[in-house]
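Here are my notes for when you open the model. I've kept them as numbered points so you can click along.

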Amino acid sequence: MMRDRATLPRAGAIERRRRRDSAAATKRAYKHAAMRDCGHRCVYCATSLGYDSATLDHVHPLAHGGANAIGNVVAACARCNLMKGDMLPHEFFVRHPWAGANFIRYARAVHRALKRSARRAVSLAMADSGRWQQLAA
């Protein structure tokens with residue numbers, strides 16, 4: 001006995017393809033937004049970035065519970081992104097105060113708490129460097 005049914009593709013395969021396409025579109029949108037918000041500059045070293053040379057950096061890393069949201073994503077050059085790794089913002093800015101100063105200047109669309117943390121870390125690093133310079137003299 002033959003059945004007259006059309007064979008439809010499985011819904012799972014279509015849904016996976018749709019999710020993969022939307023993930024790529026979301027990443028492109030985040031990169032364009034981050035580049036626009038950061039003035040086409042690396043937020044850590046302030047070098048000028050092209051779209052191809054820019055990478056997305058999560059200021060509060062995903063490994064430490066950070067969100068994959070616009071307020072946590074910035075444009076950075078590959079060198080600075082690799083240097084930051086999965087360090088928390090205050091750890092990175094205390095080690096590299098120049099990066100924190102540039103971050104305060106160029107990261108316009110990040111969450112306000114991240115900017116506040118950067119200001120605090122940079123001022124602590126500058127105060128510590130002044131103290132060490134006095135001790136060395």
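1. Following the chain along its sequence, you get the pattern α-β-β-α-α-α-α. That comes to 5 helices and 2 strands. Bear in mind that this is a predicted model.

2. On the overall numbers: the chain has 137 residues, and 36% of them count as buried. The accessible surface is about 9200 Å², with 56% of it belonging to carbon and sulfur atoms. Among contacts with a separation of 6 or more, 60% are between residues 24 or more positions apart.

3. Next, the strands. β1 and β2 pair in the antiparallel sense, over 5 bridges. If you want a spot to check the register, look at L56, whose bridge partner in β2 is A75.

4. How many residues of β2 are buried? For this strand (residues 73-77) it is 5 of the 5, so β2 is largely enclosed by the rest of the structure. In a regular strand, side chains alternate between the two faces of the sheet. Here V73, A75 and C77 point one way, while V74 and A76 point the other way. Both sets are buried.

5. Now the aromatics. Searching the whole structure turns up 5 aromatic pairs. Take Y44 and F103: their ring centres are 6.1 Å apart and their planes meet at 10°, so this pair is stacked; the cut-off for stacked is under 30 degrees. The pair also ties together distant parts of the chain, 59 residues apart. Y44 is in the loop between α1 (11-37) and β1 (54-58), and F103 is in helix α4 (residues 97-106). Both Y44 and F103 are buried.

6. Which way do the rings of F92 and F93 pair? Their centres are 5.8 Å apart with the planes at 55°, so the pair is tilted. Have a look at their surroundings too: F92 counts as buried because its relative accessibility is 0%, and F93 is buried with a relative accessible area of 0% as well.

7. Put points 5 and 6 together and you have a cluster: ring pairs link Y44, F92, F93 and F103. I'd put these four side chains on screen together, given that Y44 and F103 are buried, as are F92 and F93.

8. One last ring to look at is Y51. The charged end of K31 sits over the Y51 ring, 4.6 Å from its centre.

Note on methods
Residues numbered from 1 in each chain as written. Predicted model: local features only at pLDDT ≥ 70, side-chain atom pairs only at ≥ 80, totals over all residues. Heavy atoms only, no water. Phe/Tyr/Trp six-rings, centres within 6.5 Å; stacked < 30°, edge-to-face > 60°. Helix = DSSP H or I, 4+ residues; strand = E, 2+ residues; numbered from the N terminus. Buried < 20%, exposed > 50% of the residue type's maximum accessible area, 1.4 Å probe, protein only. Lys NZ or Arg CZ within 6 Å of the ring centre and 35° of its normal. Pairing = 2+ DSSP bridges. Contact = heavy atoms within 4.5 Å. Areas by Shrake-Rupley, 256 points an atom, 1.4 Å probe, with all protein chains shown as cover.
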